[in-house]
Amino acid sequence: MEDEDGYFGESIAATYDASVADMSRPDVVNPAVDVLAELAGDGPALELGIGTGRIALPLARRGVPVHGIDLSRAMAARLRAKPGGDAIGVTIGDFATTRVAGTYAVAYLVFNTINNLTTQDAQVACFRNAADHLEPGGCFVIEVGVPDLRRLPPGQNAVPFHISPTRWAFDTYDVATQAMSSHYVTIVDGRAEHSSIPFRYVWPAELDLMAQLAGLRLRDRWEGWARTPFTSESRRHVSVWEKPSG
């Protein structure tokens, strides 16, 4: 990874908003913002991996002061160029370890971003970093998928998640290390272009232990932002851990 912006450099940032257009619809964004605004109350919010502001901008429009941490200058530049983006502070750095001033009512990581930390040590450090930024009674929120290993046939390590005439996308898994990668093959002018991003998948119970190590306790876990119950069939979860007040 030679780009100082990590895996989200200029080439990714230039098309990122278009690539996540389905995740930017009001019916997707508003329930997340509802939950985060409720948890923030009158306090500020800290977004780890703020990106181009898909969640931060509408949350700020609700009157919640938002600060973000992101490694990618290219992504942050897109955020700042949007209406209201100049009012959101962004600190450039690794969100697992980068500290910013002040304390926050809520810190959050959405859209599988915890998986961008590709080692268990980095994920544990992220929980500790979030906890250190929270005021007593504050909450750390993560939205992430449940590892899709049940879809892996014996002897295979790949799960497709998008197939169209011009784009193929699939995840590959290493169940021994919890390493995974998302691969994208795009047909441009009759030629195939391939890109990939590494991740580390993580189980809900593993996240709970990371939270415990950081001094946080589980408050809620839902299947999604609409707060539907999390079950053994859920393919993602929104989890809320709380920093004790005393």
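**Around helix α4 and residue I55**

The buried residues of α4 pack against α1, α3 and β3 (89-92). Keep in mind as you look around that this is a predicted model. Which residues of α4 are the buried ones? They are A74, M75, A76 and L79.

Start at the front of this helix, which spans residues 73-81. Its N-terminal end is capped by S72, with a side-chain oxygen sitting 3.3 Å from the backbone nitrogen of A74. So A74 turns up twice here: its backbone nitrogen faces that cap, and A74 is also on the list of buried residues.

Now swing over to α1, residues 10-19. The axes of α1 and α4 come within 8 Å and cross at roughly 35°, and the crossing is right-handed. On the α1 side, E10, A13, A14 and Y16 make the contact, and they meet A74, M75 and R78 of α4. Sort those residues by character and you get 5 nonpolar, no polar and 2 charged. If you're wondering about the spacing along a helix, an α-helix has 3.6 residues a turn, so residues three or four places apart point the same way.

Next stop is I55, in the loop between β1 (45-48) and α3 (56-61). Is I55 buried or exposed? I55 counts as buried because its relative accessibility is 3%, with the cut-off for buried set at under 20%. Leaving aside residues up to four places away in sequence, I55 touches V29, A32, V33, L36, E47, Y108 and V110. As for V90, it comes 35 residues from I55 along the chain, and the C-alpha atoms of the two are separated by 14 Å.

Terms used:
Residues are numbered from 1 along each chain as its sequence is written. This is a predicted model: local features need pLDDT of at least 70, side-chain atom pairs count only at pLDDT 80 or more; totals for chains, interfaces and linings use all residues. Side-chain values use heavy atoms; hydrogens and water are left out. Helices (H or I, at least four residues) and strands (E, at least two) are DSSP runs, numbered from the N terminus. Buried means under 20% relative accessible area, exposed over 50%, partly exposed in between (1.4 Å probe, protein chains only). Contact means heavy atoms within 4.5 Å. Axes are lines fitted to C-alpha atoms, for helices over the stretch in contact, and angles run from 0 to 180 degrees between N-to-C directions. A crossing is left-handed if the near helix is turned anticlockwise from the far one by less than a right angle, and right-handed if clockwise. Ala, Val, Leu, Ile, Met, Phe, Trp, Tyr, Cys and Pro count as nonpolar, Asp, Glu, Lys and Arg as charged, and the others, Gly among them, as polar. A polar contact is a pair of N or O atoms within 3.5 Å; within protein, one must be able to donate a hydrogen and the other to accept it, and residues adjacent in sequence count only if both atoms are side-chain atoms.
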